[in-house]
Amino acid sequence: MTNFKQLTPIFLQTAFGNAAFKKRSQKKKVRYACRQAFARSRPRIGGRFVNKEELAVILADPKLSSQLNEGKSINLKDVKAAAAAQAAARVAASEERKEMQEDEDDMSHIEDEIKDEDENDMELEE
C-alpha cells in the first residue's frame, strides 16, 4: 500500500500529467471590459441586481431614488415597504375613482329624471 505523503511531485506529474499541477487562478478575470462597466452601472440590492419591478418601486419613491443617485446601498426591506405603500396608495386611488364614478352615475340619473320631468311639463302645457 502506498502512503500518499510519500508521493513525490515528480511521480504525480508523470502519473496524472500536468493537469494535477495546474494552479487555479484565485483572481477573478473579466473577459470583456464592457460587461464589467455595465455590471458596475446597474443598481443592486444586497449585492444582487435589481429587477424591473423593484427598480420601478425605487424610482417612484423619493427617498430610495436619492439613495440610488448617491450610490448608497439600498436595503431590501425598504424596497418592500415602499412597494407595499405604493400598492396601498393605488388601492385607495382606485376606490376613490370608483366612488367618483358612482357619484357621476347618480348625477346623470338625476339629470335624466329632471329632463324627463321638463319634457312631461312641456307636453302638459301644450
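**Exercise 1. Warm-up on helix α5**

Work out the exposure class of Ala81 from its relative accessibility of 48%, then place Ala81 in the secondary structure.

*Solution.* Start with the classes: buried means under 20% relative accessible area, exposed means over 50%, and partly exposed lies in between (1.4 Å probe, protein chains only). With 48%, Ala81 therefore counts as partly exposed. Next, Ala81 has its place in helix α5; helices here are DSSP runs of H or I with at least four residues, strands are runs of E with at least two, and both are numbered from the N terminus. Finally, look across to Val57: 24 residues separate Ala81 and Val57 along the chain, and their C-alpha atoms are 9.8 Å apart.

Before you go on, two notes on what you are looking at. The model is predicted, so local features need pLDDT of at least 70 and side-chain atom pairs count only at pLDDT 80 or more, while totals for chains, interfaces and linings use all residues. Residues are numbered from 1 along each chain as its sequence is written, and side-chain values use heavy atoms, with hydrogens and water left out.

**Exercise 2. The whole chain**

Describe the chain's secondary structure, and find which element has the lowest mean pLDDT and which the highest.

*Solution.* First, count the elements: there are five helices and two strands. Along the sequence they follow the order α-α-β-β-α-α-α. Then turn to pLDDT, the predictor's confidence in each residue on a scale from 0 to 100. The chain has a mean of 79, with 72% of its residues at 70 or more. Among the elements, helix α1 (residues 9-16) has the lowest mean, 63, and α3 has the highest, 91. To finish, check burial: of the 126 residues in the chain, 10% are buried.

**Exercise 3. The core**

Find which residues form the largest nonpolar core, and which helices supply at least two residues each.

*Solution.* Recall the rule: a nonpolar core is a set of buried Ala, Val, Leu, Ile, Met, Phe, Trp, Tyr and Cys residues joined through side-chain atoms within 4.5 Å. The largest such set has eight members: Ile45, Val50, Val57, Ile58, Leu64, Ile74, Val79 and Ala82. Helices α3 (52-60) and α5 each supply at least two residues of this core. For a closer view, take Val57, whose contacts (heavy atoms within 4.5 Å) beyond four places in sequence are Val79, Ala82, Ala83 and Gln86.

Now add Leu55, another residue of helix α3. Leu55 is partly exposed, since its relative accessible area is 28%. Leaving out residues up to four places away, Leu55 touches Pro43, Val50 and Leu68. The C-alpha atoms of Leu55 and Pro43 are 8.2 Å apart, with the two positions 12 residues apart in sequence.

**Exercise 4. Two polar residues in helix α4**

Are Ser65 and Gln67 buried or exposed, and what does each touch?

*Solution.* Both sit in helix α4, Ser65 as well as Gln67, where the helix spans residues 62-70. Ser65 has 15% relative accessibility, so Ser65 is buried. Gln67 has 16% and is therefore buried too. Beyond four places in sequence, Ser65 touches Ile58 and Leu59, whereas Gln67 touches Lys72, Ser73 and Ile74.

**Exercise 5. Salt bridges**

How many salt bridges does the structure hold, and how exposed are the partners?

*Solution.* Apply the cut-off: a side-chain nitrogen of Lys or Arg lies within 4 Å of a carboxyl oxygen of Asp or Glu. The structure holds two. In one of them, Arg48 pairs with Glu54, with the closest N and O atoms 2.9 Å apart. Arg48 is partly exposed, because its relative accessibility is 35%; Glu54 is buried, because its value is 14%. Glu70 also pairs with Lys72, at 3.2 Å between the closest N and O atoms. Glu70 and Lys72 are both exposed.
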